[in-house]
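Take a moment to look over the sequence and the fold. Then follow the chain through its sheet, its hairpin and its charges.

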Amino acid sequence: MTNRHVWIRAGLAGSAAALLTATAVPAAAIPAAPHGPENVIVLIGDGMGYNEIAQASLYDTGVAYKQVATDPVTGEVTEIAGAPSQVYESFPVQVDMQTFADGGSYDPQQAWTDFGYVAQGATDSAAAGTAMATGVKTYNGAIGVDAQGATVQNLSERAIELGKSAGVVSSVPFSHATPAAYVAHEASRNSYHAIADQELASELSVIIGAGHPYYDDSNQQRATPSYSYIAEESYQGLAAGETDWAFIEETSAFEDLTTGQTPDRVFGIPQVGSTLQQGRAGSAEEPYGDPLNDVPSLATLTAGALNVLDEDDDGFHLMVEGGAIDWAGHANDSARNIEETIAFNEAVETTVEWVEENSSWKETLVIVTADHETGYLEGPDAD
């Protein structure tokens, strides 16, 4: 809904803009790097805004950051004292970007005085994902094409063009809007089968996401398969080993992927329907009040993807999406929203640990952001 905030951490100073090091020394003190980062990791909390972060942080740590209070009489806004509780809240570079659709706008004053203003032109994940993946604004629903329908290059394709590897990971279906924006080119985000086929035909090294045809949202095997996110023929060929992808689906296989030797290319679909956890049965009002699905976490999927991609000496590009923060927001489900935001935070922490143990902040750029906000999240006593 709003301009998206972007948290960035790296130790490189490029020609266009200087990035501070982990010790946050002045940019002028950092020598210019001879080239850009070898690895770029982008983590996207789909539908995540400041209040989603604060809500999860208050539950998880008891501390919130970047919250404000508004005087109901004067309208005066003051910042509430707080401290960073998530690793990315302490990243040294924080900037904003605008992800609204082509021809759209965002006026904070209008948004906070007229709900109808936002409802008339809310940004969707396809337009926002395409903007982030390609640098080109487009219409809501478009995947990897501009407002006139012309194909535009995405960052995965750019990485591969440079001799690097690329991958996408999501807690929602692999052919959904955000991962699709980093792989495919379609006029409509709802063309799931066409998007899945483009993913299978792509040169990426990792594609992992929910959307298993044989399992429902509660990790239970279906009586009849549901080929919503991939065509039956395409899935059967993938599962039968008729492609050059190594297909994995079991939790133990995803856990094994995080260490040791890995296949060259991995297409992973955990044994669950539309989301790893958000869509499971139950209606508990407290986070984790309903039994969790026995599927790998987003953090585990992220670690596995990193272990595959870091085999490329030339570097890689990886997009990781906490996709169901958005879904829980649309459902007005605070308990699941907290769970999904915490799961995303854990994926960020896993990424930071990987950089510090297996790479460095000089060769790896980590960006944490959201594509849009599922807005107007307020506390129970708000009016």
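A salt bridge is a side-chain nitrogen of Lys or Arg within 4 Å of a carboxyl oxygen of Asp or Glu. The model here is predicted. Its side chains of E356 and R9 meet in such a salt bridge, at 3.6 Å from N to O. This pair links distant parts of the chain. E356 sits in helix 12, R9 sits in strand 1 (residues 4-9), and their positions lie 347 residues apart in the numbering. Side chains of opposite charge can pair when their charged atoms come close. How many salt bridges does a search of the whole structure find? The search finds seven.

Helix 12 (residues 334-358) also carries charge of another kind of grouping. On the surface, D60, E346, E349, E353 and E357 gather in a patch of negative charge. Helix 12 gives the largest share of that patch, four residues. E349 is one residue that lies in helix 12.

Now turn to the sheet. Strands of a sheet pair through backbone hydrogen bonds, either parallel or antiparallel. This structure has an open sheet of nine strands, with mixed pairing. Read across, the order is 5-1-11-2-10-6-7-9-8. Strand 5 (93-97) and strand 8 (246-248) stand at the edges. Each has a single partner strand, so one side of each is left without a neighbour in the sheet. From one strand to the next, the twist averages 15 degrees.

Look at one edge. Strand 8 runs parallel to strand 9 (residues 266-268), and three bridges join them. Here I248 stands opposite G268 in strand 9.

Next comes a hairpin. Strand 3 (residues 67-70) and strand 4 (residues 77-80) pair in the antiparallel sense over four bridges. Which residue of strand 4 does Q67 stand opposite? Q67 faces I80. Six residues lie between the two strands of the hairpin. In the turn, G75 has a positive phi of about 80 degrees.

Key
Residues numbered from 1 in each chain as written. Predicted model: local features only at pLDDT ≥ 70, side-chain atom pairs only at ≥ 80, totals over all residues. Heavy atoms only, no water. Pairing = 2+ DSSP bridges. Axes fitted to C-alpha atoms, helices over the stretch in contact; angles between N-to-C directions. Patch = residues over 30% accessible without salt bridge, like charges linked within 9 Å, V, L, I, M, F, W, Y side chains within 5 Å. Areas by Shrake-Rupley, 256 points an atom, 1.4 Å probe, with all protein chains shown as cover. Lys, Arg positive; Asp, Glu negative; His and termini not counted. Charge placed at Lys NZ, Arg CZ, Asp CG, Glu CD.
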